[in-house]
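User: I would like to learn how to read the main features of a structure, one at a time. Could you take me through this one?

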Amino acid sequence: MADAARACLREVFGHNAFRAGQADAVDAVLHGRDALVVLPTGGGKSLCYQVPAVVMARRGQGATVVISPLIALMRDQVEALVDKGVQAAALNSHQEPEQRREILGRMRRGELELLYVSPERAMMKHFTDLLGRLPIAALAIDEAHCVSQWGHDFRPEYLRLGELRGATAAPIIALTATATPRVRTEIQRALGLRKPAEVLGSFARPNLALSCHSLRTDAMRIEATVTALREAGLDDRKAPGRAIVYCSTRKKTQTVHKALKSAGFTAGYYHAGRTKLARERAQQAFDAGRTKVLIATNAFGMGIDYEDVRLLVHFQLPGSLEAYYQEAGRAGRDGKPARCLLLHGTSDIMTQRRLMGQPEAGRAARAHHEHREHSLQLLVDYARGARCRQQVLCAHFTGSLEALPTCGRCDVCTGTVTAPAEPPKAERKAPAAAVLDAEQQRDARAQVLALMNAIPKPLGKMTLVRGLRGSKAKNVRAAKLHTLEQHGALSQYDEPTVTALIEQLAREKVLVPRGRKYPTLWLAERATPTRGGARRKTSGGRGTSELARQLENYRRRTARKLKWKPYHVFHRKVVLAVARAQPQSTADLALIAGLAEAKIERFGEDILALVREFG
Ligand code: ADP
Ligand code: ZN
């Protein structure tokens, strides 16, 4: 079995060995098991389904159907496969009906080994019918994180892919490059994966030396770039290696290009505003090594794969940690040491906001906008942070902070981190707090809110922090925090991290100060303190069932409008929990199991309005 896969890898794809993770994924699919594969971009996800596809097709088990959201990428993949002698084709909406019929004919006759389809096409009735009738060896779902409403790539049609589970008994292999544990769970549930083999690749790039420098002016940034280019030996035209300098705007690529040329470097620039010819020339000169440095916007990226990028500079802050990791990851592909330099300043935040534009009308667009804002904030925190850069990135992508070794190469590990030139006032005194990813934030916030709901009267900030961290100090015991379920709920985080979280909740006015002389904190939306603890409204009777009925109507109506299943809006158990708890605020909603932050953003206001009207 594994031998057939290895032979196929060698003979068809021309590689000697599977990379970490690939073998497990291939094995699972060949054994008829579902699989959830998380590998970083460039990690080799395609082979995880292409190898089993070829092996199974050549055994007469049928074709593998690949669902992929990007038509351009599909075309490239199909071409590459056909070049290798694999029977592959793609179905999309841009084709003539004639062409589509021909492809489906080949599918029916069992001639195809891989068929790529867009998600829209995959969900058309005649296609799902076809899936049920033909021998399908496996289903591969690329960019599976598109099912996540929390992710920046959410695609409603991806939610419907879960229906394919019912249409075929073939194993499903879902693939993605970005998956916090929360997204992984969402994928598994939405696609109906059955006990999938989970393959989680490493996001560490040990040969990359990552560093961040806060530099205000262009002149300072040019100087830093020039120094780094010299240190990488790129002022010598004959030396090996090359550098990419990313800028956020087209104009900036030109400014930087001019400056680097006059500093004596061979350089070209690339952005989507140039003519096709000019872009091709810039890329060819860089390919051939006639220019050592390419200054580009993120338009330069798709499908580029240089082995020997020794220096990768972000001249400005990109839009998110994901974008940063993906771009920086283009350095050192050959495994030899390479440097990634992130230059940033507060003006970059403005630039990114300008690029983001104003949020459009509608709740979904607003939620999307907030998500982008949040992603940007995470990157800003990363750049200003004081934790090993590799650790923070890996933690972000895998969702765990534990057991990650420090890299020993980044500016933090080597003690060469430069202090931000313009720290905001509040941050100047605060010791470094860990950067929590979206899911960790949500969970940690829920714990704080649960504790705040359980205590009978306002408490001081440090008492709360210590209680959450599981301390049994005198003031913690005096407040009886050690008797609560939330005592020690945040013990995995250090004190600065929990303090920062509480302060953030205070900035957001979720927690508000009480008292002057000894300021204490209290939930903004919670009623006045009561003796004896939890307030929780326990209303029963007719009101509750009317509210439940209204919520259920709302759930179904929304599902119809969005063309979703009702449980994609939220589960039935949420209806019952809301009817029971009668939440009065967003903070209360966050305590209800099954209402993730993205759902609250989308549906929270409506739910609260129903509670007010019918509760
Ligand atoms: P991803 O989809 O994860 O971004 P790809 O599937 O496009 O990555 O693969 C990235 C690159 O790695 C491709 O050039 C591919 O040929 C190469 N690659 C993948 N697997 C192997 C392997 N086992 N050995 C050598 N090269 C590989
Ligand atoms: Zn480090």
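Analyst: Leucine 191 is a good place to begin: setting aside its neighbours within four places in sequence, this residue is in contact with Ile141, Ala144, Val147, Tyr158, Leu161, Gly162, Arg165, Ile172 and Ala174. Please keep in mind throughout that the model is predicted.

User: Which residues have the most contacts inside the largest nonpolar core?

Analyst: A nonpolar core is a set of buried nonpolar residues joined through side-chain atoms within 4.5 Å. In this model the largest such core has 59 residues, and those with the most contacts inside it are Val65, Ile67, Ile187, Leu191, Phe570 and Ile607. Helix α27, residues 597-614, supplies the largest share of this core, with six residues. A second core, separate from it, has 42 residues, and among them are Val38, Leu210, Ala383 and Phe397.

User: How many residues of helix α17 are buried, and what covers them?

Analyst: A residue counts as buried when its relative accessible area is under 20%. Helix α17, which spans residues 389-398, is mostly covered, with ten of its ten residues buried; they include polar names such as Gln390 and Gln391 together with Val392, Leu393 and Phe397. The elements that cover the buried residues of α17 include helices α10 (181-190), α14 (321-328) and α16 (363-384), along with strands β7 (197-200) and β8 (208-214).

User: Which residues come nearest to ligand 1, and which polar contacts are found there?

Analyst: It helps to start from the shell of residues and then to turn to individual atom pairs. Around ligand 1 there are 14 residues, of which Ala17, Gln22, Gly42, Lys45 and Ser46 come nearest. The shell divides into four nonpolar, seven polar and three charged residues, and its largest share, three residues, comes from helix α3, residues 45-58. As for atom pairs, a nitrogen atom of ligand 1 lies 2.8 Å from a backbone N or O atom of alanine 17, and a nitrogen atom of the ligand lies 2.9 Å from a polar side-chain atom of glutamine 22. An oxygen atom of ligand 1, in turn, is 3.1 Å from a polar backbone atom of glycine 44. Taken alone, ligand 1 exposes 570 Å², and the protein buries 68% of that.

User: Why does glutamine 95 count as buried, and where does it lie?

Analyst: The class follows from relative accessibility rather than from the chemistry of the side chain: glutamine 95 counts as buried because its relative accessibility is 13%, where the class requires a value under 20%. Glutamine 95 lies in the loop between β3 (88-91) and α5 (97-108), and a polar atom of its side chain is 2.9 Å from the backbone nitrogen of asparagine 92. Leaving aside neighbours within four places in sequence, glutamine 95 is in contact with Ala90, Arg100 and Ile103.

User: What is the sign of phi in glutamate 143 and in lysine 480, and where do these residues lie?

Analyst: Most residues other than glycine have a negative phi. Glutamate 143, in the loop between β5 (136-141) and α8 (156-159), has a positive phi near 50°. Lysine 480, in the loop between α21 (474-478) and α22 (495-507), has a positive phi near 60°.

User: Why are glutamate 143 and lysine 480 placed in their accessibility classes?

Analyst: Glutamate 143 counts as partly exposed because its relative accessibility is 23%, whereas lysine 480 counts as exposed because its relative accessibility is 54%.

Key. Residues numbered from 1 in each chain as written. Chains lettered and ligands numbered in written order. Predicted model: local features only at pLDDT ≥ 70, side-chain atom pairs only at ≥ 80, totals over all residues. Heavy atoms only, no water. Buried < 20%, exposed > 50% of the residue type's maximum accessible area, 1.4 Å probe, protein only. Helix = DSSP H or I, 4+ residues; strand = E, 2+ residues; numbered from the N terminus. Contact = heavy atoms within 4.5 Å. Near = heavy atom within 4 Å. Polar contact = N/O pair within 3.5 Å; in protein donor to acceptor, adjacent residues only side chain to side chain. Areas by Shrake-Rupley, 256 points an atom, 1.4 Å probe, with all protein chains shown as cover. Nonpolar A, V, L, I, M, F, W, Y, C, P; charged D, E, K, R; others polar.
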